[in-house]
Structure formats: C-alpha cells, structure tokens
Amino acid sequence: MAFELPKLPYAHNALEPHIDAKTMEIHHGKHHQAYVTNLNNAIKDTDTEKMSIEDICRNISKMAMPVRNNGGGHFNHSLFWTVMKPGGGGAPSGSLGDAIKTAFESFDNFKTQFGTAAATRFGSGWAWLLVADKKLKVSSTPNQDNPLMDVAEVKGTPILGLDVWEHAYYLNYQNRRPDYVAAFWNIVNWEEVAKRYAAAMK
Ligand code: MN
C-alpha cells in the first residue's frame, strides 16, 4: 500500500486571516503531495513499503536521505493539518492544561518557549511540543526531521508541531516569521493536541 495525501479537514480558506488560502492550497496540494510521491518512489519494492510512517521515522538512521526528507515531510504535515482548525486557539484545559503548567509554570511561559524554538530555528524546520518519558518538552528540528526520529536531539512523541519553512508563511508574512508564529495561536486545535497527549501518555 502506497502512502496517500490525507484530505485537509477544512477548506483552504478556513484558517484565514491567519493562514491564507493560497498558501494552504500550495502547501497541502503541492508540497505535501510531493513528499508523498517522493516517499513512495524512494521505498518502492523495498521492505520499507510495509512499515508505518511512524516506524519509518523511528528507524530513520537506517534509511536513505530521500526517505528521511520525504518520510519526515509526510509525517510532519499529516500532523500539522490536524492540530489547526478554524476558530481554534484559547488555552487547553483538563490534563493537558495541567501538564503544561507543571512543565512550563504557565501557559504563557509555554507559548514563549515554543515561540522562541520556532523563531530561532535557523533556516527550515519545525517547532514541537512533545511527550518524552511522560513529560512535556519543547524542541525544534531541522529540515523535515521530527522527535520520533532516532536521530533527533530531543526524542519523544510530538503532539503539536509548527512548520517554520518559508513555504509555510512567505506569501502572507514574507520575512516576518514571528508574526506567523503569533497568528498560529489563534488556530491551534487543542482538542486534537489533548487527544494526542492522552495517547502518548498511555
Ligand atoms: Mn511545509
């Protein structure tokens, strides 16, 4: 079974004005599609074809560079679309809200740490909230790497990710990455992040 581009769970223009429709169209339809196509080509007729995308990431040090780049690209974007929604934002409640306060002292402190990780990742990459040893951490990764990968500096299960490649924001924000990061807080789907948190804590 070849990997497939997941459908966007909302319309291209649903995240406006925070992320514009044109960016979503190109990001999902062209960039993510290319990662899926290139991943499928890279693993065709190999044993990797039978692995889940998560297991591919967990064993990435044994994979060729096209699998790392495109497999990471497929996993990361598949997560990214689901952790945003129109009318999102606010602050998480319940056990995720409590865990953020325990790990980062306050929700505002968490946002500052995550925003710093996103702003200071040089060049292309991702900022993450992840679960490692049942604790929450913030990290960033270069290119299309992610915390699931056995090569990651900070390893764990990512539950929230922000794409800081220029293709994710350049049309609307140009060089103003911090403005894009600030806008992201208005569209975070905390219910989805809480679901991923609960699954990672099992
Ligand atoms: Mn991207």
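A crossing of two helices is called right-handed if the near helix is turned clockwise from the far one by less than a right angle, and left-handed if it is turned anticlockwise. Keep that in mind as you open this predicted model.

**Stop 1: helices 5 and 7**

Select residues 107-120, which form helix 5, and residues 177-184, which form helix 7. Their axes come within 10 Å and cross at roughly 145°. This crossing is right-handed. To see where the two helices touch, show F114, G115, A118 and A119 on helix 5, together with R177, V181 and F184 on helix 7. By type, the residues of this contact are five nonpolar, one polar and one charged.

**Stop 2: helices 1 and 3**

Now pick helix 1, residues 21-43, and helix 3, residues 65-82. Here the axes lie 8 Å apart and the angle is about 140°, which makes helix 1 oblique to helix 3. Turn the view and you will find a left-handed crossing for this pair. On the helix 1 side, the contact includes M24, H27, H28, H32 and Y35. On the helix 3 side, look for residues including P66, N70, H74, H77 and W81. The contact of helix 1 with helix 3 has 11 nonpolar residues, 11 polar ones and no charged ones.

**Stop 3: the manganese ion**

Keep H27 and H77 on screen and add D163 and H167: these four are the protein donors of the manganese ion. The histidines use their NE2 atoms and D163 an OD atom, at 1.9 to 2.1 Å from the ion. Along the chain, the donors are spaced as H-x49-H-x85-D-x3-H. How many residues apart are H27 in helix 1 and D163 in strand 3? The two are 136 residues apart, so this pair links distant parts of the chain. Both H27 and D163 are buried.

**Stop 4: along strands 3 and 2**

Stay with strand 3, residues 157-163, and click on L160. Is L160 buried or exposed? L160 is buried, at 0% relative accessibility. Beyond its sequence neighbours, L160 is in contact with residues including L79, V83, F110, F114, W128, F184 and W190. Add N76 as well: its C-alpha is 9.8 Å from that of L160, although 84 residues separate the two in sequence.

Next, select V138 in strand 2. Leaving its sequence neighbours aside, V138 is in contact with F104, F110, Q113, F114, A117, W128, L129 and L130. The C-alpha atoms of V138 and K111 are 9.8 Å apart, with the two positions 27 residues apart along the chain.

From there, go to D145, in the loop between strand 2 and strand 3. D145 is buried, with a relative accessible area of 7%. Away from its own stretch of sequence, D145 is in contact with R68, N76, W126, W128 and V151.

**Stop 5: backbone details**

Select D133, in the loop between strand 1 and strand 2. D133 has a positive phi of about 50° and is not a glycine. Its side of the story is also one of exposure, with a relative accessible area of 72%.

Move on to Q174, in the loop between helix 6 and helix 7. Q174, also not a glycine, has a positive phi of about 50°. Q174 is partly exposed, at 30% relative accessible area.

Finish at P17, in the segment before helix 1. The peptide bond leading from E16 to P17 is cis, with omega near 5°.

Terms used: Residues are numbered from 1 along each chain as its sequence is written. This is a predicted model: local features need pLDDT of at least 70, side-chain atom pairs count only at pLDDT 80 or more; totals for chains, interfaces and linings use all residues. Side-chain values use heavy atoms; hydrogens and water are left out. Donors are N, O and S atoms within 2.8 Å of the metal (3.2 Å for Na, K and Ca); water is not among the atoms, so sites may look incomplete. Helices (H or I, at least four residues) and strands (E, at least two) are DSSP runs, numbered from the N terminus. Buried means under 20% relative accessible area, exposed over 50%, partly exposed in between (1.4 Å probe, protein chains only). Axes are lines fitted to C-alpha atoms, for helices over the stretch in contact, and angles run from 0 to 180 degrees between N-to-C directions. Angles under 35 degrees count as roughly parallel, over 145 as roughly antiparallel, 65 to 115 as roughly perpendicular and the rest as oblique. Contact means heavy atoms within 4.5 Å. Ala, Val, Leu, Ile, Met, Phe, Trp, Tyr, Cys and Pro count as nonpolar, Asp, Glu, Lys and Arg as charged, and the others, Gly among them, as polar. Lists of a residue's contacts leave out its neighbours within four places in sequence.
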